[in-house]
Each structure stands twice: as C-alpha cells, then as structure tokens.
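The following exercises are to be worked through with the sequence and the model at hand. Each task is followed by a solution in steps.

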Amino acid sequence: MKTKKNKVRRIAIVGLGSIGKRHLRILKKLRPDIEIILFRSRRGKKDTNENLAYNNVDNINDIKLKLDGVIICSPAPHHLTQAKEFIKRKIPTLIEKPLSHNFKNIKNFKLVCKKFNTLVLVGYVLRYSNSLNFFNKSVLSFKAGKPISVNIKCTSYLPHWRPKKDYRNTVSARSSLGGGVLLELSHELDYSNWIFGKFIKIHSILNNSKNLDINVEDSAYLNLISKKNLPVSIYLDFCNQKIERSCKLIGSKGTLTWNGIKNCVTLENKNGKIKKWQFDKRKNNMYENQLNHFINCIERKVTPKVSVDDGIDALNLVIMAKKSHKIKNIIKL
C-alpha cells in the first residue's frame, strides 16, 4: 500500500536578509502553490520581495496559522531560540547555517529536538552541489588513488557580497551577530567533515587585516588531521578581491580538484593528462536542490542530508579553531 503524501501548503520564512530573499524567490519559483508567511524584524525598509509572500507578520508569536514547514534565516545568535518555538510545535524546520554562533544552548537544543522528534535540516547548501557530490564520489572511489593530502580554499571580498549595503553594518562583519570568516564560510568546514572527517586534531591561525574596518577575523588558516591520518588544510578569507572556492586532493595516482566557482571537477594523472567533468554553472541550482530536498523530507519522509549533529560538528570546528588560535597550540578534538 502506498503511503499517503503529506502535501506542503504553507511555509514560514523567518528573516529577510539576503539568504531569506533567495529562499523566498526560489520557493515561489519551485512551488508557486505554497503559501509563504514572512516574518521580519521591520528594522529595514520594505522590500519588494515581500510582495511574493502570502502574508507578513511583525512578531514571530503571531505565526499561529497551521504550517507545514519553516525556514530560519535570521542572524546566527537567534537561530536556536527561534527554531525551538517551531520544533516544539512539531513543524519541520530548515535552519540556515551556522546552527548557532557558540555552544551555549546547544545541549538544550538537542534535548528539545529529541523530545519532540521534529524534522530538522541544517542549511549547508554545498551538500547539494552536483559537482561537489561528484567530487565526493570520486574521492570514495579512489579516482586519484589513496589520499595523501587535501587543500581547501575559499576567498572573496566582503564589500562585494552585498553591494547596496554598507558591509560594516551587515551580519558578516559584526561579532555580536555571529560574523567573522569562520562562521560565514563554515560551508568549507561542513564539507571537509562530510568528505574527509572526522578530525582528531586542529591548529589554526586567525587574523584581522584591519583593511575592512570590522571587529571580526577576516582570514583563517586551519590545519586538521583526520582519523585516517589525512592532513587537511583550510584557508578562508573575505578580504581578497580574487574569488576562489576549491578543494584539491593529492592522491597516489594523481590530483583531483573541485572548482566551486566554475562548478567542475578535474583529474590530473601522474603524466599530466587532465580529465574534466563540467556541471550546471547556475548558483541557484544547489539552492533549488536544497529546497526540493526539504520539501521531500516533509512530503515523502526522506532523511535530512544535513542533520543537527552535522551542524554541531561544523560549529565545533569553528569553536576549536578559535580556541587553538587563542592558546597558540594544537588541540585534540
């Protein structure tokens, strides 16, 4: 007998920053039949994207309608508090990355998730990149041979992220709102855990170049050792005008490289021969994949690809990287 499908009819989006707007537009494109309830703080000017919503509320407690799902897009310090209100009502919840900005309320949050047994998905969108998934499968199938070392890099320029805003006032630049390159680019920490982890040691160096006039780290260099004794280095910055997102694995038979900007994977063998796999270059493709997955989790009971524990693992690397930098030493994880 076929299981009756749970039709998604109404989803709330909490927060209308850049990621909230993206989710709103994509959700409306993918499923125009879904009613979207929008909650925002109203601190900013009215946004034209609000016209895509079925209804707007000023207070999160006013979202009393029956909901089939919610997407939390507020600044990281608010994620857990807001998410718990919906999890207690057993409403499937997608929480944008990072899960939080520290570990203060993580234990209690896990207990709430377990008690109410609510579907929770953490929004590490690179997990839905077709090219990165192909890279992962290539690592698992030893296309480059036995892994010897890994180098991960993600660089960009914060003032260019949101050209119409003063970047110094954005979430990314403010410590009190969970800013800094480690939390903002924790996608790299999540997928390093996913593909190469778990890790047993970390050593990090964080830096604020002072060039951006912000009070958070704008670059981070992490050295990690996995349980399989694989060295993985991660370099992150958002003070670099050269945009790069890549993962390079040196193997016993060659070099396997994921290019997240060009959305391709290349394999160079020992003789210098290069094979290339090209994927859809549309940035929204992985966001569409993620929202389709969230809806399938609700309607078809699909298991979430990125669990609360995965979100905690990524956050743990952030916290331990900061600790390693502070004590200027290697930390065992």
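**Exercise 1. Two packed helices**

Task: Determine at what angle helix α3 and helix α8 pack, and which residues make the contact.

Solution. Step 1: Helix α3 (residues 106–116) and helix α8 (residues 308–327) have axes 11 Å apart and pack at an angle of about 170 degrees. Helices (H or I, at least four residues) and strands (E, at least two) are DSSP runs, numbered from the N terminus. Axes are lines fitted to C-alpha atoms, for helices over the stretch in contact, and angles run from 0 to 180 degrees between N-to-C directions.

Step 2: This angle makes α3 roughly antiparallel to α8, a term for angles over 145 degrees.

Step 3: From α3, the residues I106, F109, K110 and C113 take part in the contact, and from α8, V308, D309, I312 and L315. Contact means heavy atoms within 4.5 Å.

Step 4: Sorted by class, the contact of α3 with α8 contains six nonpolar, two charged and no polar residues. Here Ala, Val, Leu, Ile, Met, Phe, Trp, Tyr, Cys and Pro count as nonpolar, Asp, Glu, Lys and Arg as charged, and the others, Gly among them, as polar.

A note on the basis of these solutions: the model is predicted, local features need pLDDT of at least 70, side-chain atom pairs count only at pLDDT 80 or more, and totals for chains, interfaces and linings use all residues. Residues are numbered from 1 along each chain as its sequence is written, and side-chain values use heavy atoms, with hydrogens and water left out.

**Exercise 2. The two sides of a helix**

Task: State which residues of α3 are buried, and which are exposed on the other side.

Solution. Step 1: I106, F109, V112 and C113 are the buried residues of α3. Buried means under 20% relative accessible area, exposed over 50%, and partly exposed in between (1.4 Å probe, protein chains only).

Step 2: These buried residues lie on the same side of α3 because they cover an arc of only 120 degrees around the axis. The arc is that of the directions from the helix axis to the C-beta atoms.

Step 3: The other side of α3 carries the exposed residues K107, L111, K114 and K115.

Step 4: The cover over the buried residues of α3 includes α2 (79–87), β5 (93–96), β6 (120–123) and α8. After α3 comes N117, which has a positive phi near 50 degrees.

**Exercise 3. The parallel sheet**

Task: Give the order of the six strands in the open sheet, and explain why β3 and β6 stand at the edges.

Solution. Step 1: The order is β3-β2-β1-β4-β5-β6, with parallel pairing. Two strands pair if DSSP finds at least two bridges between them.

Step 2: β3 (55–57) and β6 each have a single partner strand, so one side of each has no neighbour in the sheet. On average, neighbouring strands of this sheet are turned by 20 degrees against each other, direction ignored.

Step 3: Strand β1 (residues 10–14) is joined to strand β2 (residues 35–39) by five bridges, and the two run parallel. V14 has F39 as its bridge partner in β2, and A12 has I37.

Step 4: Helix α1 (residues 18–30) lies across β1, β2, β4 (69–72) and β5, at about 160 degrees to β1. Helix α2 also packs on the sheet, where it touches β1, β2, β4, β5 and β6.

Step 5: In a regular strand the side chains alternate between the two faces of the sheet. In β1 both faces are covered, with R10, A12 and V14 buried on one side and I11 and I13 on the other.

**Exercise 4. Antiparallel strands**

Task: Describe how β8, β9 and β10 pair.

Solution. Step 1: Strand β8 (residues 199–207) pairs with strand β9 (residues 219–226) in the antiparallel sense, over eight bridges. In this pair, I205 is opposite Y221 of β9.

Step 2: Seven bridges link β9 to strand β10 (residues 231–237), again antiparallel, and L224 is opposite V232 of β10.

Step 3: The hairpin of β9 and β10 has four residues between the strands, and N229 there takes a positive phi near 65 degrees.

**Exercise 5. Buried or exposed?**

Task: Classify T257 and K283 as buried or exposed.

Solution. Step 1: T257, in strand β12 (residues 254–259), is buried because its relative accessible area is 17%. T257 touches F135, C247, K248, C264, V265 and T266, leaving aside residues up to four places away in sequence.

Step 2: K283 lies in the loop between β14 (274–278) and α7 (284–299), and counts as exposed because its relative accessibility is 51%.

How values were computed
Parallel < 35°, antiparallel > 145°, perpendicular 65-115°, else oblique.
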